[in-house]
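Student: Please take one part of this model and look at it closely, residue by residue. Then work outward from there and connect it to the rest of the chain.

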Amino acid sequence: EVHQKIALALRTALEEEIRRLPLPRCREQLLDLLRACWVPSNTVLELRPVLVRVIKRLGDSTPDAVLKRLAEREGENGDLKYGELLSQFDIRMRRMVWEADWEGSGDSSEVKGEGSRSLLG
């Protein structure tokens, strides 16, 4: 229980700090944080709100590679790989993801996700 309280306090403080970062001056720092938390947040669900906060804070300046990564599909039926994560964004961000996916569908390297892998690891 103590660990949960500490983790919640740290996560809340980090989310608040992300919210206060001035854009575009701190864009690169946000991208560094996005790179650092992408993989862990997909395995440690407690970190997912940090990832969501970073992407929301980037807003319109979210790189296309990230948007295309969020649109990746898996399996034979084409379910969204990050559907649960994508559902945490507002309709504007989801539309940006869909548009980036649609625009990139003609570029074979982006369809395979190679561009997003270099950004997010």
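Tutor: Leu80 is partly exposed, because its relative accessible area is 29%, and that value falls between the 20% limit for buried and the 50% limit for exposed. The model is a predicted one, and every value quoted here is computed from it. Leu80 sits in strand E2, which covers residues 79–80. Its C-alpha atom is 8.1 Å from that of Leu70, a residue 10 positions away along the chain.

To place that strand in context: the protein has eight helices and two strands. Read from the N terminus, the order of elements is α-α-α-α-β-β-α-α-α-α, so the two strands follow one another, with four helices on either side. Of the 121 residues in the protein, 35% are buried.

A few positions beyond Leu80 comes Glu84, a residue of helix H5 (residues 83–86). The side chain of Glu84 forms a salt bridge with that of Arg48, with an N to O distance of 3.5 Å. Arg48 belongs to helix H3 (residues 48–58), so this pair ties together parts that are 36 residues apart in sequence. The two partners differ in cover: Arg48 counts as buried because its relative accessibility is 10%, whereas Glu84 is exposed at 54%.

Side chains of opposite charge can pair when their charged atoms come close. The structure holds 12 salt bridges, and some of the others sit within a short stretch of chain. Arg35 and Asp32 are joined by one, with 2.7 Å from N to O. Both residues are in helix H2 (residues 27–43), where they stand three residues apart, or about one turn of the helix. Arg35 has a relative accessible area of 32% and is therefore partly exposed. Asp32 is also partly exposed, at 46%.

At the start of the chain, the side chains of Glu1 and Lys5 make a further salt bridge, at 3.5 Å from N to O. Glu1 counts as exposed, since its relative accessibility is 69%. Lys5 counts as exposed as well, at 57%. Further along, Glu16, Glu17, Arg19 and Arg20 are linked in a network of salt bridges.

Helix H1 (residues 2–20) also contains Leu10. Leu10 is exposed, because its relative accessible area is 59%. Together with Val2 and Ile6, Leu10 makes a nonpolar surface patch of about 310 Å².

After H1 the chain passes through a loop to H2, and Pro22 lies in that loop. Pro22 is partly exposed, at a relative accessible area of 30%. The C-alpha atom of Pro22 is 9.4 Å from that of Arg57, although the two residues are 35 apart in sequence.

The cysteines can be dealt with briefly. A disulfide is a covalent bond between the sulfur atoms of two cysteines. None turns up here: a search of the whole structure finds zero disulfides. Cys26 is buried, with a relative accessible area of 12%, which is under the 20% limit. Cys37 is buried too, at 8%.

On the C-terminal side of the strands, helix H6 (residues 91–104) is worth a separate look. Helix H6 has 14 residues and spans 20 Å from its first C-alpha to its last, close to the 20 Å expected at 1.5 Å a residue. Its buried residues are Met93, Met96, Val97, Ala100 and Gly104. Viewed down the axis of H6, those buried residues fall within an arc of 100 degrees, so they line one face of the helix. The other side of H6 carries exposed residues, namely Ile91, Arg92, Arg95 and Trp102.

Back at the starting point, then: Leu80 is a partly exposed residue in strand E2. The contact described just after it, Arg48 with Glu84, pairs a residue of helix H3 with one of helix H5. By contrast, the Arg35 and Asp32 pair stays inside a single helix, H2.

Key:
Residues numbered from 1 in each chain as written. Predicted model: local features only at pLDDT ≥ 70, side-chain atom pairs only at ≥ 80, totals over all residues. Heavy atoms only, no water. Patch = residues over 30% accessible without salt bridge, like charges linked within 9 Å, V, L, I, M, F, W, Y side chains within 5 Å. Areas by Shrake-Rupley, 256 points an atom, 1.4 Å probe, with all protein chains shown as cover. Salt bridge = Lys/Arg side-chain N within 4 Å of Asp/Glu carboxyl O. Buried < 20%, exposed > 50% of the residue type's maximum accessible area, 1.4 Å probe, protein only. Expected span 1.5 Å × (residues − 1). Arc of directions from axis to C-beta. Disulfide = S-S within 2.5 Å.
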